[in-house]
Structure formats: C-alpha cells, structure tokens
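Trainee: I would like to go through the labels on this model and ask what backs each one.
Mentor: Good. Bring up the structure and we will start.

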Amino acid sequence: MPYSHRLARPDDLPAIVAIYNSTVASREVTADTEPVSVESRRAWFDEHAPERRPLWVAEDAGEIIGWLSYSNFYGRPAYSGTAELSIYIHENARGRGLGRYFLQHAIDYAPEISVHTLLGFIFGHNVPSLKLFDAFGFERWATMPRVATLDGIERDLIIVGKRVA
C-alpha cells in the first residue's frame, strides 16, 4: 500500500494520543503504564517545530493510522544534530509497511533539519521494532539492562543509532 504523510496539526492530537494509548497495555512499546491525556501531551506536541523536529501523521481514508516524531536528544545545544525517532502505528495498520515507510522518510529527511544522527529507544523485548530498525542499518549502541519495571518484570532498554549525514 502506498503511503504519504503530512505535518501534524493541533486537531490531530486526539488521534495521536489514542494511537499512543493503544500501545500502553502491551507493555512492549512505552514505559507509560497508564493512558495519557490529550491535555498532558499538548506541550510535547508544541515542541515539534516543523523546521527542526517535525511530527508527521499518515492517513488512510481520512483517519490517522500512524505517526512519527523527531525529538530532541538530551536537550543541550551540542546535541542538536541528534534526534530520537518515535514511530507509533494504529493497531489496524500494523504489519502493512507503514513503519518502514516512516523510517525511510525519517532517514532521508534528517539532513533537511540539520540532523546527522538518529536514535531509537526500544525495549529489548520489542522484537518487531528492533527488527525494523535493524533492517535500516541501525546499530545497537547501548543496552541498559533492567532499567524499566513493567508489571513486576524488569525490562532492558536498547538504544539503536545510525549516522545519516
């Protein structure tokens, strides 16, 4: 299925949050253990300035089916050329290539926003996401053993990275 994306608009935030919240129960994608509110994500949304840290959405038949964000890494000026990627896909759109589409476009677009290094922060048990980033040449740069506890189970965080420019 061919995809396209656009910059997220403020009225997209409820759909973005709904997709994010749909991953909370899986304990595979996010360290949040309870759903978040739209209001609690407004400041996060506002941080995604299109000229340096865009937030993209993909639609199918007018419905948002996934999103990708570039986020600041560590928040200090010397790290401005590095961005963390987050990809979230609606449960009905998973396994159809949207994650691959987003990741390829994120890599290609990074130099346009002066980003030379992309990072992903992925739970060690999130095999689909690790395989996705592996397929695009991301390397495992760090393993943070047992840094998250989800439902009483300690989980590893894997940091993957790729130099793109």
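**Labels and their reasons**

Mentor: This is a predicted model. Start with contacts: beyond its neighbours within four places in sequence, Thr-82 touches Arg-53, Ser-71, Phe-73, His-116, Thr-117 and Leu-119. Thr-82 sits in strand β4, residues 82-89.

Trainee: Why is Thr-82 called buried?
Mentor: Its relative accessible area is 10%. Buried means under 20%, so Thr-82 qualifies.

Trainee: Why does Tyr-74 count as exposed?
Mentor: Tyr-74 has 53% relative accessibility. Exposed means over 50%, so the label holds. Tyr-74 lies in the loop between β3 (63-72) and β4. Its phi is positive, about 70 degrees, although Tyr-74 is not a glycine.

Trainee: What makes Arg-27 and Asp-151 a salt bridge?
Mentor: Their side chains meet at 3.0 Å, N to O. The cut-off is within 4 Å, so the pair counts. The partners are 124 residues apart, with Arg-27 in the loop between α1 (13-21) and α2 (42-46), and Asp-151 in the loop between β6 and β7.

Trainee: Which of these labels, buried or exposed, fits Arg-27? And which fits Asp-151?
Mentor: Arg-27 is buried, at 17%. Asp-151 is exposed, at 58%. The limits are under 20% and over 50%.

Trainee: How do you know that Asp-60 and Arg-96 form a salt bridge?
Mentor: The N to O value is 3.7 Å. That is within 4 Å, so it passes. Asp-60 lies in strand β2 and Arg-96 in the loop between β4 and α3 (98-109), so the pair ties together parts 36 residues apart in sequence.

Key: Residues are numbered from 1 along each chain as its sequence is written. This is a predicted model: local features need pLDDT of at least 70, side-chain atom pairs count only at pLDDT 80 or more; totals for chains, interfaces and linings use all residues. Side-chain values use heavy atoms; hydrogens and water are left out. Helices (H or I, at least four residues) and strands (E, at least two) are DSSP runs, numbered from the N terminus. Buried means under 20% relative accessible area, exposed over 50%, partly exposed in between (1.4 Å probe, protein chains only). Contact means heavy atoms within 4.5 Å.
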